[in-house]
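Please open the structure in your viewer and keep the selection tool at hand. The stops below say what to select next and what is to be found there.

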Amino acid sequence: MKRFWIALAIMLALVTFSCYSMLRVRYVSHQLSDRLDTLIILAEEDHTAALLESAAFVKEWDQAQQTLIRLVGHAQLGEISGLVARLTALASHDTQESGEFLAELYHIRSMVDHIWEAEAPTLRNLF
Amino acid sequence: MLIVLIRTIILYFIIVLGTRIMGKRQLGELQPSDLVITILISNIATLPIEETEIPLVTGIIPILTLVCFEVFSSALSLKSPLARRLISGRPIVIIQNGRLNQKEMRDLRFSLDDLMEQLRGSGIFDLSEVQLAIVETTGKLSIYQKFPYRPATAQTLQIPPPPGQDNPPRVIISDGVLQKKALAACNLSERWLAGLLQAEGCTVQEVFLLSAGSGADYLLVKKER
């Protein structure tokens, strides 16, 4: 029965860790989504502020990636990193490029939302 | 490449730990659920080793989950005969009183070739020698021969046991290390051991193997230089 209790303890640890990692992914991806929403609004209204904000977002993404890389597939994160790397350059161009900058922001936002959608314990993901 | 190496080492220790937690059932003959778990674990373990883009926890969590569920299902089988029957099945008698039960063989998809192969593996070449044969849940065939064909035992030959033959020999010294519990189990003293080693002209550290029974008969193998 000793093994039974050891297995039970391990199972509890696994469940705790799985729930924690799921909540962590949710928190990080929602934080990034909120930042991107702010950036989208700024891109439409104040281009200079959007440039500063996009530089801050790049740093925030680097930090978030350190957490997500342990929990989510690297290919997905690599794709987002590639897009985020373009942001500052796109934001620093003149307003004629703002259409591409906005499109890129929406693209990144959908991919960031997908990180959480793919990890959420829903029936769609389970089956 | 270094990542692959480190992940392999980590997963190796996790699997060894998992096998230890699951217990000796995995190392002996496999029940159906044990076989499934073993195959699953080996397949899952290769994923994070081959694909470095997958987080390592993607391999560790399912492996440990399977280990835990194996322990739970075996604990449940221990407590509940119904659970045992559902998880492992039940042994099936295919030869009863020397007669083949062809219906059970058909249900098991156990052919005559399978039967004869397993009988030959047990040294039986004539079906008429078998009184009872049972297909265990592991797929192994357990055989009970008719009386004239059973190996003679000391009891049937009415041979009285020589003294000190109740317990099997034990390893007293293994690769230069004294096993005190084994020495005590054979009712032998350290003084006896010291006398034996002196007669053989060696020390404990120079002995590769010393096995002895409670009758003080022994086998000693010295280490090769």
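Begin in chain B of this predicted model by selecting B:R7, B:L11, B:I14, B:G18, B:I21 and B:M22, which are the buried residues of helix α1(B). They sit on the same side of α1(B), because the arc they cover around the axis is only 90°. Now show the whole helix, residues 2-22 of chain B, whose 21 residues reach 30 Å from the first C-alpha to the last, close to the 30 Å expected at 1.5 Å a residue.

What do the buried residues of α1(B) pack against? Add α1 (2-45) of chain A to the view, together with α2 (32-50) and α3 (57-79) of chain B, and you have the elements that these buried residues pack against. On the face turned away from the buried side, select the exposed residues B:L2, B:Y12, B:F13 and B:R20. Just after α1(B), stop at B:G23, which takes a positive phi of about 95°.

Move next to the largest nonpolar core, a set of 32 residues in which A:F57, A:W61, A:L105 and A:I108 have the most contacts. The elements that give two or more residues to this core are α1, α2 (47-68), α3 (74-92) and α4 (98-119), which belong to chain A. If you centre the view on A:I108, leaving aside residues up to four places away in sequence, you will find that it touches A:L36, A:F57, A:I80, A:L83, A:V84 and A:L87. Another core, of 21 residues, lies apart from the largest one, and A:I10, A:L14, B:I37 and B:V67 are among its residues.

While chain A is in view, select A:D62, which lies in helix α2 of that chain and is partly exposed, with a relative accessible area of 40%. Add A:S81, which is 19 residues from A:D62 in sequence, while the two are 8.2 Å apart in space, C-alpha to C-alpha.

Return to chain B for the open sheet, whose four strands pair in an antiparallel manner in the order β2-β1-β3-β4. The edges are held by β2 (99-100) and β4 (141-145) of chain B, each with a single partner strand, so one side of each has no neighbour in the sheet. Strand β1 (residues 92-96) of chain B is joined to β2(B) by two bridges, and these strands run antiparallel; here B:I95 stands opposite B:L100 in β2(B).

Finally, select helix α6 (residues 112-121) of chain B, which lies across β1, β2, β3 (130-135) and β4 of chain B and runs at about 65° to β4(B).

Definitions and conventions. Residues numbered from 1 in each chain as written. Chains lettered and ligands numbered in written order. Predicted model: local features only at pLDDT ≥ 70, side-chain atom pairs only at ≥ 80, totals over all residues. Heavy atoms only, no water. Expected span 1.5 Å × (residues − 1). Buried < 20%, exposed > 50% of the residue type's maximum accessible area, 1.4 Å probe, protein only. Arc of directions from axis to C-beta. Contact = heavy atoms within 4.5 Å. Core = buried A, V, L, I, M, F, W, Y, C linked by side-chain atoms within 4.5 Å. Pairing = 2+ DSSP bridges. Axes fitted to C-alpha atoms, helices over the stretch in contact; angles between N-to-C directions.
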